[in-house]
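Got the viewer open? Let's walk through this one stop at a time, selecting as we go.

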Number of protein chains: 2
Amino acid sequence: MPDSDVRRYCQDHAEAFLADLIEWLRIPSMSGDPAYAGEVRRSAEWLAEAFRRTGFPTVEIWETGGLPAVFAEWPADDASASAVVVYGHHDVQPVDPLELWQTGPFEPELRGEELFGRGAVDDKGQVAFHLLGLRALLETSGRSAPPVTLRFLVEGEEESGSRNFRAMLQRERARLACEAVVVSDTGMWGRETPTICTGMRGMIECDIDLHGPDIDLHSGSFGGAVPNPLDVMAGLLAGLHDDQRRITLPGFYDDVRPLSDRERELIAKLPYDEAEWLATAASRAPYGESGYSTLERVWARPTAEVNGMWGGYMGPGGKTIVPSDAHAKVSFRIVADQDPLTVKKLFDDYVAATVPAGITAAVDWHTDGVRPCLTPLDEPALLATTRAMERAFDREVLYTREGGSGPEADLADVLGAPVVFLGVGLPDDRIHAPNERVVFPLLLVGAEAAAYLWDELATTLG
Amino acid sequence: MPDSDVRRYCQDHAEAFLADLIEWLRIPSMSGDPAYAGEVRRSAEWLAEAFRRTGFPTVEIWETGGLPAVFAEWPADDASASAVVVYGHHDVQPVDPLELWQTGPFEPELRGEELFGRGAVDDKGQVAFHLLGLRALLETSGRSAPPVTLRFLVEGEEESGSRNFRAMLQRERARLACEAVVVSDTGMWGRETPTICTGMRGMIECDIDLHGPDIDLHSGSFGGAVPNPLDVMAGLLAGLHDDQRRITLPGFYDDVRPLSDRERELIAKLPYDEAEWLATAASRAPYGESGYSTLERVWARPTAEVNGMWGGYMGPGGKTIVPSDAHAKVSFRIVADQDPLTVKKLFDDYVAATVPAGITAAVDWHTDGVRPCLTPLDEPALLATTRAMERAFDREVLYTREGGSGPEADLADVLGAPVVFLGVGLPDDRIHAPNERVVFPLLLVGAEAAAYLWDELATTLG
């Protein structure tokens, strides 16, 4: 089976693949907003049908107590072949500010090589390429089943913290038994620099609600003599960092695995250009923890980030009040070997110790958080993935990490198998932002790499 | 003219007075929201017609370049009599959060003794009582004109910073010539403790807009390596106070007139009960500048207050972004002898010095602010007002200050006359908040005091 047959198959079927993906992207499966729960379910049903069309003998929608996941299994002919779990997600981020989208987030549109739409790359496009890749492998090789048993698990709560994921893994551990986990929810260094991700940050996020006076007060009559919840919120958030941009929670860095000299050398070898990075970040200046480079900050250092904040009068003109309430959304990115539940406790204690008398504070954690993960560079499944990627891209593949978070650590932990990443996203795909896109030809290369991967893993894993 | 005739007149005409006031309160004259400019004009026209019905020979709507004021003049028969300017305002505060109103803010309703509605006490009710008081004086005394020349000036931009007021005063200085200014836009210590206000804080307010990345960024991919405008806003606002709750702007306190020992003694003589005050403030604990009592903080000390703050994701669930923008509304209350324009410059400098590279800051000052004012306790016009109040309330009248702000300092400054305050509001009238109300019988006592005031001032001023 020369690689060019697989490549030709993917290109010949690009149009139908695109049409299918667009259909899926039209479904607004935003898991963060309870109003869209029905759409997440519709997305799961669409995907289940797509697995059936691809030929998977077993396709199931798995209820989680929250939003549904999709499970699809295709056993290898050889009963002694290894099994591989493939992970992705079919839910998407919210879309506001809606007015910044050039075309509707759920009206996907191909402009040139770019396919625009919420979920185009995160993560529907990267789940979809596996279906094309598997058809390419089977059609061009004449086989009726993959060389390893494939077990796809595509969840519907990744963008809202995967709150039922770990329990589902534990419940279905037997049916998800495997020798390796392939995660397709990440990106590469660049279109000309294919890379494989070896680690992700973990995350935990919360809403903070501060309540002061029971009514909005006239700031003339009362201002200066009662605590203002917006002012207290500002102090609470500002106090999270010291002037070196280190997080001030006592003991926060105790579990952080320090970057080794070797890791810092490898990161420094990547063709990094700060001006380019800033352009991708649509930003004018780097900023962050003293003593670390931008890549180190994003990949290997924890953060505390304010994602949203509101309270008081937000309309036109002025309204001179001491407001009753202040709200904020805060998320922590954490790195190996931090535990999200430890961070949760540290922050709860900090809030309780920081708010003055007269202010009531409530911290609502959305989930128990997502653990960080790191894959060793000598992991055999990682080497197999590297070969598959190199065949598809016709060039050397390097390694990166990702600053984002997913339930990968749970996969490794519960399933007891190494996790590798196969993803073709780019840094400027605007995931989680308006005008998310995917470079469509990269999805075809991703399909090609996926087609090669199962033989590579069969060879490696036996 | 025994006082009881005036009192009886006010009580006999209470029903018609209430009906008139309700009609006026139905007009949503919110000057802070440009969408309501037409309603502010309608309010001015209603008031002009009410002055005409009262018998004022000269009634004019004065254009200001912004929202209209109402001028009404009634000369004394004696051409050598003194002239008095009476100041109030016919615009009102915004009404959100609307859902907290028990009845519509512009559907006034008398429940027991309380009249609910936006503007009931701030300030339509307190302008209206003058019309009833003047009719009471004329009808019960059989005179055809007041004993002093009355010049009412009722502006339409007080709740949005009186941005055209000073220019109007300067332009119309000749027609506003007077020996005293009576301001009816304040309150009393309590229903059982009638008081006269002798000073008000000044104020200046602004919007702050911080811009970071040009798009909302994924907080995993970029978090920790670019400045987050919400985080910078939190630091900027938190940094405005030190741990003694003193404002940190360098030189901010240079022009503050310190409280004298005598003033602090007088304040301490008022029947102040902290638990009651907190109940009125719907708050659980006092808070503020070290070394000052609650009344001193509110009346005689400057503040920096966050009135509103917003940015990033504010919907349900989470959205892990580094947001593009952060916004806040900040107001400073200032005291004699601070200048709002000095505060403006100090804050502009502070913002420019505080925001890091990568964040663009804009501070938009709504107006040039409002000056603070203080009336000396031995001022003859104040003594005349005290007598009128004591006749209406049948008891001793004490002195307070107000923490709120109005254009009183401009009146004193431009017109070159002492300013005295005649107001019957109460601390728990919920001005600027949902469910604003006035204790209706107090408006009738206010009318009575207004009826006595013109003879008292004629005697004092000659």
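At what angle do the axes of helix H4 (residues 124-141) and helix H13 (residues 440-461) of chain B cross? Select both and look: the axes cross at roughly 55° and come within 7 Å. Keep in mind throughout that this is a predicted model.

**Stop 1: the helix pair in chain B**

An angle over 35 but under 65 degrees counts as oblique, so that is the word for H4(B) and H13(B). The crossing of H4(B) over H13(B) is right-handed. Now show side chains. On the H4(B) side, pick residues including B:Phe129, B:His130, B:Leu134 and B:Leu137; they belong to the set that meets H13(B). On the H13(B) side, the contact residues include B:Leu443, B:Gly446, B:Glu448 and B:Trp454. Colour this contact by class and you get ten nonpolar, five polar and one charged residues.

**Stop 2: where the chains meet**

Next, colour by chain and select the contact between A and B. Each chain puts in 84 residues: 84 from chain B and 84 from chain A. On the chain B side, the elements giving two or more residues include strands S9 (202-211) and S13 (325-334), plus helices H6 (229-238) and H9 (294-300). Which element gives the largest share of that side? It's S11(B), with nine residues. By class, the chain B side counts 35 nonpolar, 32 polar and 17 charged residues.

**Stop 3: lay one chain on the other**

Try superposing the copies. A turn of 180° with a shift of 0.1 Å along the axis lays chain B on chain A, with an RMSD of 0.1 Å. The two copies are therefore related as by a two-fold rotation axis. Both use the same surface, too: 100% of the contact residues of chain B recur in chain A.

**Stop 4: the sheet that runs through both chains**

Select strand S11 (residues 303-312) of chain A and its counterpart S11(B). They pair in the antiparallel sense over five bridges. For one rung, pick A:Gly312, whose bridge partner in S11(B) is B:Gly308. Now widen the selection to the open sheet of eight strands, in the order S14(A)-S9(A)-S13(A)-S11(A)-S11(B)-S13(B)-S9(B)-S14(B), with antiparallel pairing. At the edges sit S14 (360-365) of chain A and S14 (360-365) of chain B, each pairing on one side only. Neighbouring strands are turned against each other by 25° on average, direction ignored.

Add H6(B) to the selection. This helix packs on the sheet, touching S11 of chain A as well as S9, S11 and S13 of chain B. The direction of H6(B) makes about 15° with that of S13(B).

Then go to the chain A end. S9 (residues 202-211) and S14(A) run antiparallel, joined by six bridges. There, A:Ile208 has A:Val363 as its bridge partner in S14(A).

**Stop 5: a second sheet, in chain A**

Hide chain B and select the open six-stranded sheet ordered S1-S2-S6-S3-S7-S17, which has mixed pairing. S1 (58-62) and S17 (419-421) each have a single partner strand, so one side of each is left without a neighbour in the sheet. Here the average turn between neighbouring strands is 20°, direction ignored.

Zoom in on S3 (residues 83-89) and S7 (residues 180-183) of chain A, a parallel pair with four bridges. A:Val85 has A:Val181 as its bridge partner in S7(A). Finally, show helix H12 (residues 408-415) of chain A, which packs on this sheet and touches S3, S7 and S17. The direction of H12 makes about 170° with that of S7(A).

Methods:
Residues numbered from 1 in each chain as written. Chains lettered and ligands numbered in written order. Predicted model: local features only at pLDDT ≥ 70, side-chain atom pairs only at ≥ 80, totals over all residues. Axes fitted to C-alpha atoms, helices over the stretch in contact; angles between N-to-C directions. Parallel < 35°, antiparallel > 145°, perpendicular 65-115°, else oblique. Left-handed = near helix turned anticlockwise from the far one by under 90°. Contact = placed C-beta atoms within 7 Å. Nonpolar A, V, L, I, M, F, W, Y, C, P; charged D, E, K, R; others polar. Pairing = 2+ DSSP bridges. Least-squares fit on C-alpha atoms with pLDDT ≥ 70 in both.
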